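Student: I'd like to learn how to read the charged pairs in a protein model. Can we work through one together?

Tutor: Sure, let's put it on the screen.

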Amino acid sequence: MNVQKEGGSSFSFLRIKLAKGEKLTTESGAMASMDKDIELRSRLNGGFLQGLIMKFLGKESLFINTFQNKSKVEKEVVLTQATPGDIREVVLDNEELFIQPGSYLASTSGIKFSLRWAGFSSWIAGEGLFRIRISGSGTCWYGAYGAVIEKEIDGEYIVDTGHLLSYPSTIKLKIMLPGGVFSSFFGGEGFVLRLEGKGTVKLQTRSIEGLASWLNPRFWN
């Protein structure tokens, strides 16, 4: 499998070349174009019950797609994400990683998905009650809204809600106010996340919630 990321960090897309017999699993609706002789099959995302949970609690699709090259020569499929931004690749070797709900794009065989309880502090902070866990051995691609900032943490680090894209299991999340009550809420920051532990986290420069907050008042003017 040959994967090339194009489009820059603002409008990234993946150009994936599948060798004979190779398979690729993707989020529903991720395919922008493909060569003929690539077989597309759709299935529930982990079964009916898990698919419903992933859709309504994990912000992922009820169905996922599998593309397989049925020809004898290399074939290409192009994948895009719903929001404008960068796409990141992670290679796991019997490891696990937590990604922002709705950010999954594609993966190779050997990658598994599940939902994990994130806690009420995550919900209050606007990150949701559940988080998506990817694990196993293989390659996974997930997308950001905006550019991606990579940060090495050894101790504590503060992140505004909606900007945490991915983090390892060695990082724990806690909710806090960035300042006093008056400054935190009237300064427009509200609750933030305090990351504790050691590992590499990835942040997205923009947030969907921030865009919604900016757009909503303008619809009513």
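Student: Among contacts in the chain between residues at least 6 apart in sequence, what percentage join residues at least 24 apart?

Tutor: A contact means heavy atoms within 4.5 Å. Here 75% of those contacts join residues at least 24 apart. Before we go on, some ground rules: this is a predicted model, where local features need pLDDT of at least 70 and side-chain atom pairs count only at pLDDT 80 or more, while totals for chains, interfaces and linings use all residues. Residues are numbered from 1 along each chain as its sequence is written, and side-chain values use heavy atoms, with hydrogens and water left out.

Student: How many helices and strands does the chain have?

Tutor: Both are DSSP runs numbered from the N terminus: helices are H or I with at least four residues, strands are E with at least two. This chain has 4 helices and 15 strands.

Student: And what share of the residues is buried?

Tutor: Buried means under 20% relative accessible area, exposed is over 50%, and partly exposed is in between, using a 1.4 Å probe and protein chains only. Of the 221 residues in the chain, 41% are buried.

Student: On to the charges, then. How many salt bridges are there?

Tutor: You look for a side-chain nitrogen of Lys or Arg within 4 Å of a carboxyl oxygen of Asp or Glu. That rule gives 12 salt bridges. One of them pairs Asp 37 with Lys 75, with 3.9 Å between the closest N and O atoms.

Student: Which parts of the chain does that pair tie together?

Tutor: Asp 37 sits in the loop between strand 4 (31-34) and strand 5 (38-44), and Lys 75 is in strand 7 (residues 75-80), so the bridge ties together parts 38 residues apart in sequence. Asp 37 is partly exposed at 40%, whereas Lys 75 is buried at 14%.

Student: What about Arg 88: which acidic side chain does it meet at 3.8 Å?

Tutor: That's Glu 150, going N to O. The two are 62 residues apart, Arg 88 in strand 8 (residues 87-99) and Glu 150 in strand 12 (residues 148-160). Arg 88 also bridges to Asp 86, at 3.4 Å between the closest N and O atoms.

Student: Are these three residues buried or partly exposed?

Tutor: Asp 86 is buried at 4%. Arg 88 is partly exposed at 21%, and Glu 150 is partly exposed too, at 49%. Through shared partners, salt bridges join Lys 5, Asp 86, Arg 88, Glu 150 and Lys 202 into one network.
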